[in-house]
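Student: I should like to learn how to read a structural model of this kind. Could you guide me through it, feature by feature?

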Amino acid sequence: MATNERFATGACEQYEALLEDYINGDLSGADARSVADHWQTCAGCRSALQRAAAGARLLRAAEPSANPGPNFARMVMARIRAAEVDEAAGRTNFWQPFVSLGWRFAATASVALGLLVTYNAGWGRLSQPKIATARPIESIDILAPEPAPAPVNRDEVLMMVADNSHANF
Amino acid sequence: MTNVPKNMTASAPALTLTFQQGERKADDRELVRLSQNGTVAAFEELVRRHQQRVFGLVGGILHRPDDVEDVAQQVFLKAYLGIRRFDQRAAFSTWLYKIAVNECWDYLRKRKVRPLVYEADLSEEQVSRLDGIVSADRPPERPGARAETREILERMLATLPEQDRQLLVLKEIEGFSVQELAEILKLNVNTVKVRLFRARGRIMDTYRRKVTLAGKGHEASAGHGKE
């Protein structure tokens, strides 16, 4: 930036930064003496130094910005609080659709649950299903002979009657 | 803590009192740490400590007194919102001034405004006042004179390239050091020194031109009066 710009102060280029330090009193004793030795023998640096020093005197006579006062800090803190409130409101707005959806889902689930309970408690009882009655399980004699198969026609019936008659005698 | 009333030790006003009247004045690092932990009063104390320099910095860059307060408030708001991310590797002031400079650039870019540039001739009285300062190295003593001097100088500074104007105002009027300027404007220290040295020469050229113009104007009006 500064190095690209050619501006003739008349000073030796390598001394410009040192002369700035010299004006500001930032040089130690030996360095200050070395710079002083230079500008006393270099007309360009001497002239530039005098101009820069006069410029510094001129500018230092101007008043710096005034302290804004204690009200400023209060106003800043009020602005911070307002920003925090806005931020909190913004957070609420962001989650609002999700919250709304959640409530709708909860309402639907409640209605569904209510219907299920109603069905189980009342309406379902009207059409009670037949309840199977428990019967004692008959004891099965595994050693008993297998029962004869049922006759399928008239001849088999007659044969069975005849067999039973023979058995009785 | 000896000056702090016992019944105020837990409240925010009490913290403010502690920072101001305690046996040991809390340093910026401590206040930053407290602010990071949510102590709002600690941040308020940081605002009080740095408000004048932030005002000077913002005023030096914007050159628009009406907007300085608003931008300065915005700077502290941003600092508050970002303080948890500040790792304290740099000084709080350096971090804050960087926020201020960025905020100024944002402001100028959003508003699409350039800092005011106006140049007007100096009156004879103004020239003689500046002459007194340049030759005698004596700041004006009359109340309000320094403010008037600043006003005159701002008009002369407006003729310089923008960065030169900012550097001169921040260094010579607002009292920032070369090191601080290099850090907050992201420039090399040597570059800042060279620019400052050259800018001082430039402001003196402007001053001489004004003095010459004022002298010519005076001669012309005197000549006109004789006719």
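**Reading the model**

Tutor: Chain B has 10 helices and 0 strands, where helices (H or I, at least four residues) and strands (E, at least two) are DSSP runs, numbered from the N terminus. Please note that this is a predicted model, in which local features need pLDDT of at least 70, side-chain atom pairs count only at pLDDT 80 or more, and totals for chains, interfaces and linings use all residues. Residues are numbered from 1 along each chain as its sequence is written, while chains are lettered from A and ligands numbered from 1 in the order in which they are written.

Student: Which elements of chain B have the lowest and the highest mean pLDDT?

Tutor: pLDDT is the predictor's confidence in each residue, from 0 to 100. Among the elements of chain B, helix 1 (residues 12-21) has the lowest mean, 50, and helix 2 (residues 28-36) the highest, 93. The average for chain B is 79, and 74% of its residues score at least 70. Over residues 1-14 of chain B, pLDDT stays under 50. For the model as a whole, ipTM is 0.72 and pTM is 0.65.

Student: What percentage of the residues in chain B is buried?

Tutor: A residue is buried if 20 or more other C-beta atoms lie within 10 Å of its own, exposed if 12 or fewer, and partly exposed in between, with C-beta atoms placed from the backbone. In chain B, 37% of the 227 residues are buried.

Student: Which residues other than glycine have a positive phi?

Tutor: Q88(B) is one of them, with phi near 65°, and K186(B) is another, with phi near 55°. Q88(B) lies in the loop between helix 4 (65-82) and helix 5 (92-111) of chain B. Q88(B) counts as exposed because it has 12 C-beta neighbours inside 10 Å. K186(B) is in the loop between helix 9 (178-184) and helix 10 (189-226) of chain B. K186(B) has 8 other C-beta atoms within 10 Å and is therefore exposed.

Student: How many residues does each chain bring to the contact?

Tutor: Two residues are in contact if their C-beta atoms, placed from the backbone, lie within 7 Å. Chain A contributes 34 residues and chain B contributes 43. On the side of chain A that touches chain B, the largest share, 10 residues, comes from helix 3 of chain A. By class, that side has 22 nonpolar, 4 polar and 8 charged residues; Ala, Val, Leu, Ile, Met, Phe, Trp, Tyr, Cys and Pro count as nonpolar, Asp, Glu, Lys and Arg as charged, and the others, Gly among them, as polar.

Student: At what angle do helix 3 of chain A and helix 8 of chain B pack?

Tutor: Axes are lines fitted to C-alpha atoms, for helices over the stretch in contact, and angles run from 0 to 180 degrees between N-to-C directions. Helix 3 of chain A and helix 8 (residues 162-173) of chain B pack at about 70°, with their axes 9 Å apart. These two helices are therefore roughly perpendicular; angles under 35 degrees count as roughly parallel, over 145 as roughly antiparallel, 65 to 115 as roughly perpendicular and the rest as oblique. A56(A), L59(A) and R60(A) of helix 3 of chain A and L168(B), E172(B) and I173(B) of helix 8 of chain B make the contact.
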